[in-house]
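Got the viewer open? Let's take a walk through this protein, one selection at a time.

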Amino acid sequence: MTDDHDDTDPDLISPEEQEQDSRIGAKMHLFLERMVRAAMEEEGIDAERTLDLMLCTAVQLYTERSSVSAREIGVFCKAIAEEALDSSGAGGTVH
């Protein structure tokens, strides 16, 4: 008896797409670092405030350009925060 059931997760992306996302993400990271430095210099604000504003602006842009709900964005942000905590070794809980 053969099992014709496909166990492939439809949310998983191919290795090629992962590689492309990594390259694009690295470029975006560098671009954001330049923007943060420029904002700090031009506006005379500290790094923490600049990063807070960058994150708020990114989330706002995401909500304007996608059809996700506020709840979905919250879940997404929580998952990102949990992953960041895990990878930093800091531990803790995201509420």
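Start with the whole thing on screen and a surface switched on. The accessible surface of the protein comes to about 8500 Å², and carbon and sulfur atoms account for 56% of it. Of the 95 residues in the protein, 5% are buried. Keep in mind that you're looking at a predicted model.

Now switch to a cartoon. You'll find three helices and zero strands, so to speak a plain α-α-α pattern when read along the sequence.

Next, colour by confidence. The mean pLDDT of the protein is 84, with 82% of its residues at 70 or more. Select residues 1-6: here the pLDDT is below 50, and the stretch has zero contacts in the model beyond near neighbours in sequence. Where pLDDT is low, the predicted coordinates should not be read in detail. Confidence is highest in α1, at a mean of 93, and lowest in helix α3, at 86.

Select residues 15-43, which is helix α1. α1 has 29 residues and runs 41 Å from its first C-alpha to its last, close to the 42 Å expected at 1.5 Å a residue. Step just past the end of α1 and click G44, which takes a positive phi of about 65°.

Stay with α1 and pick L32, which sits in this helix. Is L32 buried, or is it partly exposed? L32 counts as partly exposed because its relative accessibility is 34%, and partly exposed covers values between 20% and 50%. Add F31 and M35 to your selection: together with L32 they make a nonpolar surface patch of about 280 Å². A general point helps when looking along a helix: with 3.6 residues a turn, residues three or four places apart point the same way.

Move on to helix α2, residues 47-65, and select T50 there. Which residues does T50 touch, leaving aside its neighbours within four places in sequence? Show V36, A39, M40 and I45 as sticks, and you have its contacts. T50 is buried, because its relative accessible area is 4%, and buried means under 20%.

Last stop: residues 70-88, helix α3. α3 has 19 residues and reaches 27 Å from its first C-alpha to its last, close to the 27 Å expected at 1.5 Å a residue. Finish on G89, which follows α3 and has a positive phi, near 75°.

Note on methods:
Residues numbered from 1 in each chain as written. Predicted model: local features only at pLDDT ≥ 70, side-chain atom pairs only at ≥ 80, totals over all residues. Heavy atoms only, no water. Patch = residues over 30% accessible without salt bridge, like charges linked within 9 Å, V, L, I, M, F, W, Y side chains within 5 Å. Areas by Shrake-Rupley, 256 points an atom, 1.4 Å probe, with all protein chains shown as cover. Salt bridge = Lys/Arg side-chain N within 4 Å of Asp/Glu carboxyl O. Helix = DSSP H or I, 4+ residues; strand = E, 2+ residues; numbered from the N terminus. Buried < 20%, exposed > 50% of the residue type's maximum accessible area, 1.4 Å probe, protein only. Expected span 1.5 Å × (residues − 1). pLDDT = per-residue confidence, 0-100. Contact = heavy atoms within 4.5 Å.
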